Structure formats: C-alpha cells, structure tokens
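Please look over the sequence and the structure shown here before reading on. The report that comes after them is meant for a reader who has not met this structure before.

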Amino acid sequence: MNPRLKPLAALLPLIFVAPAEAQQLAALDTIVVTATRQAQRASEILSDVTVIESEEIRSAGPTATINELLARQPGIEINQKGGMGTDSSVFIRGSNNSHALVLVDGMRLGSATLGSPAWGFIPLEQVDRIEIIRGSCSSLYGSDAIGGVIQIFTKRGDGPFQAFAEAGYGTWNTSALAAGFSGGASGWRYSFQLADKRGDSYTSVRNPANSYYNPDKDGFQTTSSSGSLSYTPQKGHELGVSYLFSDGWNRYDSSPKAKDYKQNETIYGANAYTRNQLTEAWTSTIKIGKSADDGQQFTNGVRGSDIRSEQTQYQWQNDLKLPIGTALLAAERVEQSVSGNVNYVLKERSVNSYLAGWTGNLSDHRLQLNVRKDDNSQFGIKTTGMLAYGYQFSSNWRGNLSYGSGFKAPTFNDMYWPGSGNPDLKPETSENREGSIHYETTSQHASVTYYHNDVRNLIEWAPNSSGLWMPSNVARATLSGWTLAYSAQLDSYKLSASLDLQDPEDTDQQKVLRYRARQIAKLGLSKDFGAFNIGGEILGSGRRYNDAGNTQELAGYAVVNLSASYRVAADWTIFARANNIFDKDYELVRDFATPGTNVFVGVRYSPK
C-alpha cells in the first residue's frame, strides 16, 4: 500500500460506524448556494464543500479571526506575520492566497492591487454563515477562483424583534464588545450589528537577529458593523440592501527597527438587489454592489503609501426550472480602479462576463455543466468550463467526478508596483480534476476526495539575487492530494476530523511551494452536559519551507485549544476559550511570532 494512504486505511473503521437504523442522508436541511449559484441540498452537490454555521462561528470566540476559523477546516492552511491584523494568507489545497475568491453576500470583496482581502480586518462578529468550495470555480465566478471560493453571509433578520450583546476580556489586554438586533414583520426583514475589538497583542518579529526586530507590543483595533433591510411585497418578489464595514489599525515591525510602523485599513462591501419570480419557472435577480479596500502605511506618524482599490459590480442572474433540472443564465460586469499616492502605470480595468449552466438529477445520476466567458479589458477573452457527474450508489453512499478549468489575471501590484512589478506577466490558467466518495447518514458525514490541479504560469513573489521581492510566472505547478473529512453529531457529542495529504509543487523546479505543508491534520470534539458545553481541538501541520528553493525549513507543529460555555439562564451564557494551552513554540513565517498560551472569557446575551 502507498504509505501516504495508510492513514486512510486506519481511519475507515472509525469513520463508518453509523447505526444501522440511520439510513437517511445527512444534511438534508442544509442548503448551499455557492457551489452552483443556486440553492441546492448539500447531499446533492458535486463539489467539495464545507459549511460553517453560526454556532461554530460563535464557539470560535470574539477574538478569533476569520482566517483562524478557516484554518480549522479541511483543505485549508494559513500563514501570518505576527498578531491580529498583520499580513496573512489563506491557502486552499496548496494554491496561492490570491486563488481564493472571497464573496460577501454574492459580491466580490478584496483588494484589486493585492488580489486578496485584508483577512485580519474581515470582522467575524458580523458573519452568520460561511460556505467553502474547494476546487476550481472560475466557470461560475471568473478570475481568482483557481483554488476555490469562500462566501461569507452576513446576518439577516426574521421573526420577532431580538437583541443580542456580548462582551469579553483576555490575554494582552484584549477586549471585545458586540451588540445588535434583528427581526421581521409585515414583509419586512431587518438586522444591524456593531462590534469593537482591540488589544496590545505581542511583538510581530521574534528573532533579535532579524533586521525588523523591535521588542514592543504591536497592538490592534477594529470597529465593524453590518446591516440589512429587505421587503417582500408579495410572494416571489423581494427587494433588499445589505452592507459590511470594517475599519481598524495594527502595528507591526519593519526595517529600520526601533520605529513605530502602523497600518490603517478600511474595507467595505454593499449591495442592493431585486429578486423576482416572473413565472412559475423563471426567477430573475438583479444586483448592484460596490466594495473597497483602503490601506495606509505610517512610519512614526508620517504617512507612507496610501492605496485605495474599488470594485463596482453588476449582476443579472436568471434561474430557469426545466422539465429536467434547472438552468442558469447570467451576465456580469466588474469595474476595478486604483487610486492613492502610488504611481501605477495602469489604474483601471473592467471585465464583462456571460455564463450558462445546468444542474439536474436523472434517477440516481446527477450532472452539472457550466461555461463562462470573461472579456477582460487588459487581457482579452478567457473561457472556462466545468463538467461534473455524480452517482447515488445507495441511500448512504454517493460518488462524484469533475473537471474544471480556471484562470487568474495578474493584479495591479503584480504588474505595476513601482520598482518590482513585472508588466510581462501572463494570466494563470488551471485544469482541475477530482473524484470523491461520500458516506452520509442523519448524524454523520464522511468523505474521501482526490484532486489534481495543474496550474500554468503560476505567479509567485520571491526575492531575487539582490534580495528584492519580484513576481514571476512559474512555468508550471501541480496541486494534488487527498482530503479525508469526517463530521458527526452523536447524542451529546459533536466530532469533526480531517486529514490532508497534499503535494503543492513547483513542477519544473521540483520544489514544494512556500509555506505549504504536505500533511495537515485537524480534530475537534465537544460535548454537552445539559447547560454546560466543553470542547477541544488539535491542529497539526507538517514541515514547510520559507523560501522557494526549499532551503529554509519551518518545523512541523501541533497546537491544542480548549473552549467551554455555560448557559446560566435562558438567554445568558458565560464562555471561555484557551488557545495553545501547551504554549507550543512554532513559526508560520520565519522569524515572525505566533501566539503563545492565551485565554479569553466573556458573557453573551442571546435570546432563543
């Protein structure tokens, strides 16, 4: 047996222990939108999907960042240069940080200059639900979705008026406050949330020999809000608006040392939509939105770079019920612009897109077809497609096969950053193939997925012989591997586990891509004791490399976290979380600090 498959063999007896009477599919009530752009049952989806519900988001604690929460999910790893708010990246299946397209309520969020969002400033307090699609999604969403899509859903109101609030305090003088209300009546639905999070944190660089080293406290603060309002004048027709806003700052270490370096960051996304069921078979959705990322760098109070990027988005989607299956026809336009005090050669570009799709069930067979044409004002036309097939072997067993092509246009920074941009860069392209087996009951879900994603012209930033960081097209990269995932709700126990065995490789150089591990393991377990809940998780990663040449090794590590909560009254809960309880010393980026043991306690008011 292939030695890398032995863990799978060992897990099989543990995974398939469902009671004989549990013969219905799990998650029948879980509806996923991102995998097809249409509402679909999780048990019928042909993609590799994870859904993070509001309960898991709350249990992560008010001080958790969205990338920390994502790091606990299958197929995802992160890196970060210090504490809260500092530069961080999210890698899906070993792909680049810029290969994870982030959507908020269906609209793009992120920097057009960096190609990714400011992860540390996405406020988890404003998030109600997250859907993660692993694998190429360019045929649905266009550029940037080579590795997958992470869609964030903000909170929505429904039912009688409800208010909530929470407050807490922890290590490094970290404090968090959040409050809001939601409800709905007479066709109206509304919600509003406001949160503030701040702390002293710890020094970003830990190695005294590093030229960035400065043993100070690199604190942070983030203030955020979100809201929504919608009206349904009659069944099948809805008009609404929603927004997400976050503003904050963090301090960091840089060179020359012993100076005060500070980053200010403001991000927002807002949209207005109308959804109309025009006939029994035809639903039309028109959405207009805008997102922005405004970043400013300061040294000893003097402003340095000031970069603002905006994305204006227009969407018209039509969902058509057919005698067999459902069709999708849509048109989109994205306008990207950059302003500020950095002299980019090109400051605007636009993309006009058209897409079509079909999903349907034929007895025990499932099919999904998608094709998309993107006309980029800078790079011309790119066409991507997807073909997926699934078969229901029995009430508990199903299998999927899929092929999808993808692409990613270089960012403004990739091509035009003064002194290091590379105007000769080509768009990245990809071909992803994957297959999976799923076992599902009313209480358990287990899956084994194999994927192989060939990426050509992969863009990687790395230092040249003079130490200057510059981007270049790696001739070819291969992102392949296995993801084993398991989740269960067994009586009062809740269990989740995953194992990733991956090969994210620069094929020409036969080197592992920077910051990616070949082995990643995660385990979470919690139990209810009446009003009391206790849980724990273990996150483990194999060794990684800090450089493209694989000469600077970052050791593997494992951290253990604990959480507990107690419902003292019907609407009141006290909670606590302890991270890295064994004070594991490890690095995600060479010479940069990671959090040691830290504790946070709080109280939450949340009517049921």
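What follows is a description of a predicted model, taken up by sheet, strand, backbone and cavity.

**An open sheet and its edges**

Five strands make up an open sheet with mixed pairing, and their order across it is E3-E8-E9-E6-E7. Strand E3 (48-52) and strand E7 (107-108) are at the edges, and because each has a single partner strand, one side of each is left without a neighbour in the sheet. At the E7 edge, strand E6 (residues 100-104) runs antiparallel to E7 and is joined to E7 by two bridges. Val 104 has Met 107 in E7 as its bridge partner.

The loop between E6 and E7 is where Asp 105 is placed. Its phi is positive, about 50°, although Asp 105 is not a glycine. With a relative accessibility of 9%, Asp 105 counts as buried, since the cut-off for buried is under 20%.

**Strand E34 and its partners**

Strand E34 (598-605) shows an alternation of side chains between two faces: Asn 598, Phe 600, Gly 602 and Arg 604 point to one face and are buried, whereas Val 599, Val 601, Val 603 and Tyr 605 point to the other and are not. E34 pairs with strand E10 (residues 162-170) in the antiparallel sense, through six bridges, and Gly 170 is found opposite Phe 600 of E34. E34 also pairs with E33, again antiparallel, over eight bridges; in that pairing, Ile 574 has Val 603 in E34 as its bridge partner.

**Backbone details in two other loops**

Most residues other than glycine have a negative phi, and most peptide bonds are trans. Against that background, two further places deserve a look. Ser 186, in the loop between strand E11 (174-185) and strand E12 (188-199), has a positive phi of about 55° although Ser 186 is not a glycine. Is Ser 186 buried or exposed? At 71% relative accessibility Ser 186 counts as exposed, because the cut-off for exposed is over 50%.

The other place is the peptide bond between Ser 255 and Pro 256, which is cis, with omega about 0°. Pro 256 belongs to the loop between strand E14 (237-252) and strand E15 (261-277).

**Enclosed cavities**

The model has 10 cavities of 30 Å³ or more. The table sets out the largest and the second largest of them.

| Cavity | Volume | Lining by class |
|---|---|---|
| Largest | about 770 Å³ | 20 nonpolar, 16 polar and seven charged residues |
| Second largest | about 310 Å³ | 11 nonpolar, 11 polar and six charged residues |

The largest cavity, of about 770 Å³, is lined by 43 residues, and the closest of these to its centre are Glu 68, Ile 78, Asn 579, Tyr 586 and Pro 595. The elements that contribute two or more residues to this lining are strand E4 (76-80), strand E28 (519-529), strand E29 (532-541), strand E32 (557-567), strand E33 (572-579) and strand E34 (598-605).

Which residues lie nearest the centre of the second largest cavity? Of the 28 residues in its lining, they are Arg 108, Ser 143, Asp 144, Gln 311 and Gln 336. At least two lining residues come from each of E6, strand E18 (326-340), strand E19 (348-362), strand E20 (365-376) and strand E22 (397-408).

Definitions and conventions. Residues are numbered from 1 along each chain as its sequence is written. This is a predicted model: local features need pLDDT of at least 70, side-chain atom pairs count only at pLDDT 80 or more; totals for chains, interfaces and linings use all residues. Side-chain values use heavy atoms; hydrogens and water are left out. Two strands pair if DSSP finds at least two bridges between them. Helices (H or I, at least four residues) and strands (E, at least two) are DSSP runs, numbered from the N terminus. Buried means under 20% relative accessible area, exposed over 50%, partly exposed in between (1.4 Å probe, protein chains only). On a 1 Å grid over the protein atoms alone, a cavity is a set of points where a 1.4 Å probe fits but cannot get out, and a pocket is an open set with protein on both sides within 12 Å along at least five of seven lines; lining residues have an atom within 4 Å of a point. Grid points are joined across faces, edges and corners, and a volume is the space filled by probe spheres set on the points. Ala, Val, Leu, Ile, Met, Phe, Trp, Tyr, Cys and Pro count as nonpolar, Asp, Glu, Lys and Arg as charged, and the others, Gly among them, as polar.
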